[in-house]
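Here is a set of questions and answers about why certain labels are applied in the structure that follows. Each answer sets a value against the rule that applies to it.

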Amino acid sequence: MKNNGSKSSAKKKLLPKCPTGIQGLDEITSGGLPRGRPTLVCGGAGCGKTLLAAEFLVRGAVQFDEPGVLMAFEETEKELTANVASLGFDLEGLVRRKKIVVDYVHIERSEVQESGEYDLEGLFVRLGHAIDSIGAKRVVLDTLEVLFASLPNEAILRSELRRLFRWLKEKGVTAVITAERGRESLTRHGLEEYVSDCVILLDHRVNDQIATRHLRVVKYRGALHGTNEFPFLIGNDGISVLPITSLSLNHKVSGERIATGIPRLDAMLGGKGFFRGSSILLTGTPGTGKTIVSANFAQAAARRGERVLFFSFEESPDQIIRNMHSIGLRLEPLVKKGLLRFHSARPSLYGLEMHLATMFKEIATFNPQVVIIDPITSLMDSGTNSENKGMITRLIDHLKGGQITSLFTSLTQGGHALQQSEAAMSSLMDSWLLLQDFEGNGERNRVLYVLKARGMAHSNQIREFLISDRGIDLVDAYIGPSGVLTGSARAAQGALEKAAVLAGQQEAARLKREVERKRAAIERQISGLRSDYEGESAELRRIAEQVGTSTLMLTTERTASGILRQADAKVVVHARSRAKNGKENP
Amino acid sequence: MKSVKPKPTRRAAPPLEKSRSTRPAKKYVLRLFVAGATNRSRHAILRVQELCNAELKDICDLEVFDIYQQPALARANQIVATPTLIVEFPPPLRRFIGNLANITGLFVELDLAKKVKITV
């Protein structure tokens with residue numbers, strides 16, 4: 001086929017494109033399939049060729065007002081209608097409204113005999129008639145290769161197909177031709193020889209028992225295109241290709257903070273909690289309380305009137321609700337109010353991409369402010385490392401784009417270096433809480449700490465994490481010379497400290513008593529001494545009085561005896577003065 | 001359905017002597033679809049008319065359609081290749097595609113003994 005590259009060189013404008021309307025495919029091909037040219041879609045059985053082609057046609061008719069012709073070689077109109085109806089496409093209605101013509105080409109090999117030279121003018125006429133009847137801009141031939149099986153003389157067939165593609169180009173319709181994947185070539189009958197403008201390869205691979213579909217643009221003449229293999233999936237509303245490369249880092253951020261539902265944890269995060277729209281990673285070994293923290297977070301958000309979507313990959317909604325009862329969290333009123341929604345699925349149910357698409361869809365329908373994924377790690381078991389990282393990147397970007405706060409729990413195996421095993425994921429996260437077990441003293445105790453929290457002051461302290469029937473509490477862990485002590489060791493250390501204080505107090509009291517006693521003793525001594533002294537001084541006084549009295553008595557006696565001796569008055573006076581002298585010198 | 005355009009054969013077929021009593025009372029129903037007045041079309045038409053005249057005289061109902069003129073017929077009759085000769089009766093339905101240059105298969109299918117050499 002001749003490449004009309006002159007078209008693109010004549011105008012500075014790029015090759016005209018025909019948007020498919022298929023999510024992601026237009027991004028990869030930067031605008032769609034080449035307009036007015038045939039595109040080959042090839043792939044093995046069951047990889048979604050017909051669906052891709054049908055969606056291209058239906059979306060063309062519905063979204064871009066470009067009627068289309070579907071020439072089906074394998075399925076009847078009824079079958080096709082039923083098949084695409086499951087994706088929400090109303091093929092019948094479109095046919096009725098003359099937006100789409102479905103022409104089922106059926107050739108029964110057993111009826112056919114060759115009797116000479118022939119051409120495919122019948123096919124041309126049918127196609128031309130169908131195109132003209134509704135003014136079709138798009139044509140799908142699904143699957144042309146059936147002709148090789150049902151018509152004899154391959155040489156004629158080949159030249160006729162070559163003519164067909166040239167004719168389609170002349171008609172100016174954008175055509176999609178599906179073909180079965182060949183063993184060594186792209187298609188079984190080498191159709192890529194004729195259709196060389198754009199070739200899309202679909203693939204359905206089973207990796208570790210989980211099938212993932214991939215799409216790759218092998219060739220796109222005259223345009224830049226994504227060359228990678230992109231995972232795609234067939235969901236309830238058609239095909240979505242999930243290009244990672246189309247993601248950009250330009251989402252808006254919010255300065256608003258939201259509480260975690262654990263006041264002490266809020267306090268550790270600068271007193272206000274996490275930023276709205278940030279991504280939070282919660283890692284921990286089994287049984288450290290990841291789900292409980294998540295449920296707390298969910299409850300707190302729902303109580304503020306925010307919508308919370310809880311993806312659970314390990315427990316059923318009822319089980320979570322029941323289990324949370326045991327710590328005093330009542331979630332079912334919130335579920336009833338429509339503020340909390342659970343979505344449970346086994347990780348092995350389908351591939352990573354399907355999970356991602358399902359999550360996107362749930363998020364789109366529920367429009368939550370908070371999304372919890374518990375745990376992200378079990379989801380990651382189903383993909384390879386790079387797939388996982390790609391998926392989480394996409395998920396986080398999607399959530400951040402919608403300013404949705406996301407909490408991911410991540411299970412780490414005991415004995416691993418926690419930081420290392422989560423390195424790939426953690427770089428995508430804004431905040432990282434770590435829950436850890438401390439073993440010792442015949443018990444295990446939980447601790448929590450904030451490993452990182454982008455853009456906010458956060459505590460560097462390890463807190464012991466207590467789960468009781470009243471909920472979660474964080475208490476200070478004992479940190480002393482012997483390291484971090486938790487649980488009974490912390491309690492024992494507390495008791496020890498108390499005992500030490502008590503002993504100190506007792507010692508002080510004892511000393512005080514001793515001093516008191518000494519003081520009392522001294523006082524007793526003092527009073528004894530004083531009483532001695534007083535006794536002695538009293539004695540002294542008594543003696544002095546005695547002496548005085550006896551002197552007086554003596555004088556009196558002497559006077560009396562002088563009187564008795566009847567001495568004259570002169571003698572009396574003399575006697576008195578003698579008595580005075582005698583007193584001075586006894 | 002459009003009836004055959006009566007095209008006179010170039011050469012009158014030789015009269016057939018054989019008795020037709022063994023033939024089924026019902027007529028053969030043949031429909032030929034061609035695309036335009038190409039050499040291939042003309043060839044096919046001539047061959048099938050020759051056959052009708054030679055082998056199935058009076059018991060053959062032949063219709064020739066040009067799908068350029070009636071494109072809707074192509075879809076209704078599941079025509080892909082042209083020319084296509086559809087033998088509708090007697091059943092089963094058979095399709096002969098091509099310009100009928102090789103007519104042996106047709107004879108076998110129609111259970112005809114090749115009495116007369118058909119040449120065009």
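Q: How many residues does each chain bring to the contact between chain A and chain B?
A: In this predicted model, the contact takes 27 residues from chain A and 27 residues from chain B, where a residue is included if its heavy atoms come within 4.5 Å of the other side.

Q: What area do chain A and chain B bury between them, and which residues of chain A supply the most of its share?
A: The two chains bury about 2200 Å² between them, and 51% of this area is on carbon and sulfur atoms. On the chain A side, A:Glu111, A:Gln113 and A:Ser115 supply 29% of the area buried against chain B, which is more than any other three residues.

Q: What makes the pair A:Asp103 and B:Arg75 a salt bridge?
A: The closest N and O atoms of A:Asp103 and B:Arg75 are 3.5 Å apart, and the rule asks for a side-chain nitrogen of Lys or Arg within 4 Å of a carboxyl oxygen of Asp or Glu, so the pair qualifies. The pair crosses between chains, from B:Arg75 in helix H2 (residues 71-76) of chain B to A:Asp103 in strand E5 of chain A.

Q: Why is A:Asp103 called buried, and B:Arg75 partly exposed?
A: The limit for buried is under 20% relative accessible area, with exposed over 50% and partly exposed in between. A:Asp103 has 2% relative accessibility, and therefore counts as buried, whereas B:Arg75 has 34% and therefore counts as partly exposed.

Q: How do you know that B:Arg95 and A:Glu111 form a salt bridge, and why does the pair join two chains?
A: The closest N and O atoms of B:Arg95 and A:Glu111 are 3.1 Å apart, which is to be set against the 4 Å limit for a salt bridge. B:Arg95 lies in strand E4 of chain B, while A:Glu111 lies in the loop between E5 and E6 of chain A, and so the pair joins two chains. As to accessibility, B:Arg95 counts as buried at 11%, and A:Glu111 counts as partly exposed at 22%.

Q: What makes A:Asp119 and B:Arg40 a salt bridge, and where do the two residues lie?
A: Their side chains meet with an N to O distance of 2.8 Å, and the limit is 4 Å. A:Asp119 lies in the loop between E6 and H6 of chain A and B:Arg40 in helix H1 (residues 39-55) of chain B, so this pair, too, joins two chains. A:Asp119 has 13% relative accessibility and counts as buried, whereas B:Arg40, with a relative accessible area of 24%, is partly exposed.

Q: How many salt bridges and polar contacts are counted between chain A and chain B, and which elements of chain A supply residues to that side?
A: The count between the two chains is four salt bridges, and there are 19 residue pairs in polar contact, both residues being at pLDDT 80 or more. Strand E5 (100-104), strand E6 (112-114) and helix H6 (121-134) of chain A each supply at least two residues of the side that touches chain B, and H6(A) gives the most, with six residues. The residues of that side divide into 13 nonpolar, six polar and eight charged.

Q: What makes E6(A) and E4(B) a pair of strands?
A: Three bridges join E6(A) to strand E4 (residues 94-97) of chain B, and the two run parallel; pairing requires at least two bridges, so the strands count as paired. Within E4(B), the bridge partner of A:Glu114 is B:Ile97.

Q: Why is A:Leu242 called buried, and which residues is A:Leu242 in contact with, leaving aside neighbours within four places in sequence?
A: A:Leu242 has 7% relative accessibility and therefore counts as buried, the limit being under 20%. The residue sits in the loop between strand E12 (238-241) and strand E13 (257-258) of chain A. Leaving aside neighbours within four places in sequence, A:Leu242 is in contact with A:Phe230, A:Pro231, A:Leu233, A:Glu353 and A:Arg394.

Q: Which elements make up chain B, and in what order do they run?
A: Chain B has three helices and four strands, which run β-α-β-α-β-β-α from the N terminus on. Of the 120 residues of chain B, 48% count as buried.

Definitions and conventions: Residues numbered from 1 in each chain as written. Chains lettered and ligands numbered in written order. Predicted model: local features only at pLDDT ≥ 70, side-chain atom pairs only at ≥ 80, totals over all residues. Heavy atoms only, no water. Buried area = accessible area lost by both parts, 1.4 Å probe. Polar contact = N/O pair within 3.5 Å; in protein donor to acceptor, adjacent residues only side chain to side chain. Nonpolar A, V, L, I, M, F, W, Y, C, P; charged D, E, K, R; others polar. Buried < 20%, exposed > 50% of the residue type's maximum accessible area, 1.4 Å probe, protein only.
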